[in-house]
Amino acid sequence: MSKTAKKYDRFSWIYDSFEGLAERRAFSKYRRKALRLAEGKVLEVGVGTGKNLPYYPRGVEVVGIDFSRGMLEKAERKVERLGLENVMLLHMDAQSLEFEDNTFDTAVSTFVFCTVPDPVKGLKEVYRVLKPGGKAIFLEHMKSGSGLLNISLYMMEPFTRALLGTSMLRETQKNIERAGFQIEKVENLFFDIVRLIIARKPGGEYDSEEKPVP
Ligand SMILES: C[S@@+](CC[C@H](N)C(=O)[O-])C[C@H]1O[C@@H](n2cnc3c(N)ncnc32)[C@H](O)[C@@H]1O
């Protein structure tokens, strides 16, 4: 098992309380904004304790995967408590997804690619299982374009790495592009550190050449 998965297993019992303040003040708003864009058959990578599950629109079918069994157990309890019938949770590594190519209409990750050990490998897997023209919704924190803001991120880095294997300095927007996605929209939610990125797998009816110019 990966060292990072073990870290999340150990931390899972306290994870929701640890993030409670940030969740109430900001993250819940960001989640609402991001998840209303999900459609059809949805893959949520790194579903964690299932914090996004209450925010999905009605009618979507969600498959949530995570490589930490501890986090998944918390998510399972949430599914039961909320009586969600449209959610399936699976133990799986984002870097080697056990799904056929072109399976999902939407892919979602929230605060995950700061932690996936090989982020471009994981993003390429997400790209593979998304249908051509499928939408990817990334709510992620990453390295800023400002040297000044990055000073604080460099200072946090040793602690977040040791605690949860999380990097504050990943260039996630660039990694999304490296994996082949076409970025449609970037919204900075907390400076340019927390960004909502909407991207597409080219092809299907959304092929950029066919897309109407707004
Ligand atoms: C910071 S938590 C975020 C959880 C959730 N997405 C949220 O917004 O609260 C990161 C999650 O990603 C999971 N994760 C990291 N790397 C992964 C991988 N390679 N495969 C599957 N899950 C992974 C961790 O186990 C953890 O549950």
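Two strands pair if DSSP finds at least two bridges between them. Helices (H or I, at least four residues) and strands (E, at least two) are DSSP runs, numbered from the N terminus. Residue numbers start from 1 along each chain as its sequence is written. The model you're looking at is predicted, with local features needing pLDDT of at least 70 and side-chain atom pairs counting only at pLDDT 80 or more, while totals for chains, interfaces and linings use all residues.

**Exercise 1. Work out which strands pair with strand 7, and in which sense.**

Step 1: Go to strand 6 (residues 182-190) and strand 7 (residues 194-200); they pair in the antiparallel sense over seven bridges.

Step 2: Pick out some partners. Lys185 has Ile198 of strand 7 as its bridge partner, and Ile183 stands opposite Ala199 in strand 7.

Step 3: Check the turn. The hairpin of strand 6 and strand 7 has three residues between the strands, and Phe191 there takes a positive phi near 45°.

Step 4: Now try strand 5 (residues 130-141), which also pairs with strand 7 in the antiparallel sense, over seven bridges. Here Ala136 stands opposite Ala199 in strand 7.

**Exercise 2. Find how helix 1 and helix 3 pack, and which residues meet.**

Step 1: Get the geometry. Helix 1 (residues 3-18) and helix 3 (residues 69-82) have axes 7 Å apart, at an angle of about 30°. Axes are lines fitted to C-alpha atoms, for helices over the stretch in contact, and angles run from 0 to 180 degrees between N-to-C directions.

Step 2: Name the arrangement. That angle makes helix 1 roughly parallel to helix 3, since angles under 35 degrees count as roughly parallel, over 145 as roughly antiparallel, 65 to 115 as roughly perpendicular and the rest as oblique.

Step 3: List the contacts (C-beta atoms, placed from the backbone, within 7 Å). Tyr8, Asp9, Ser12 and Tyr15 of helix 1 meet Arg69, Gly70, Met71 and Lys74 of helix 3.

Step 4: Sort them by class: three nonpolar, two polar and three charged residues. Ala, Val, Leu, Ile, Met, Phe, Trp, Tyr, Cys and Pro count as nonpolar, Asp, Glu, Lys and Arg as charged, and the others, Gly among them, as polar.

**Exercise 3. Describe the shell around the ligand.**

Step 1: Look for the residues that come nearest. Of the 22 around the ligand, these are Gly46, Gly48, Ser68, Ala94 and Thr110. A residue is near a molecule or strand if its C-beta atom, placed from the backbone, lies within 6 Å of it.

Step 2: See which elements give two or more residues: helix 1 and strand 2 (61-66). Helix 1 has the largest share, three residues.

Step 3: By class, the shell has 10 nonpolar, nine polar and three charged residues.

**Exercise 4. Tyr30, Asn102 and Phe111: which are buried, and which partly exposed?**

Step 1: Set the rule. Buried takes 20 or more other C-beta atoms within 10 Å of a residue's own, exposed 12 or fewer, and partly exposed is in between, with C-beta atoms placed from the backbone.

Step 2: Tyr30, in helix 2 (residues 20-35), is buried because 20 C-beta neighbours sit inside 10 Å. Beyond its neighbours within four places in sequence, Tyr30 contacts Leu139, Leu189, Val194 and Leu196.

Step 3: Asn102 is in the loop between strand 3 (87-91) and strand 4 (104-110). With 15 other C-beta atoms within 10 Å, Asn102 is partly exposed.

Step 4: Phe111 lies in the loop between strand 4 and helix 4 (119-129), and 20 other C-beta atoms within 10 Å make Phe111 buried.

Technical notes: Contact = placed C-beta atoms within 7 Å.
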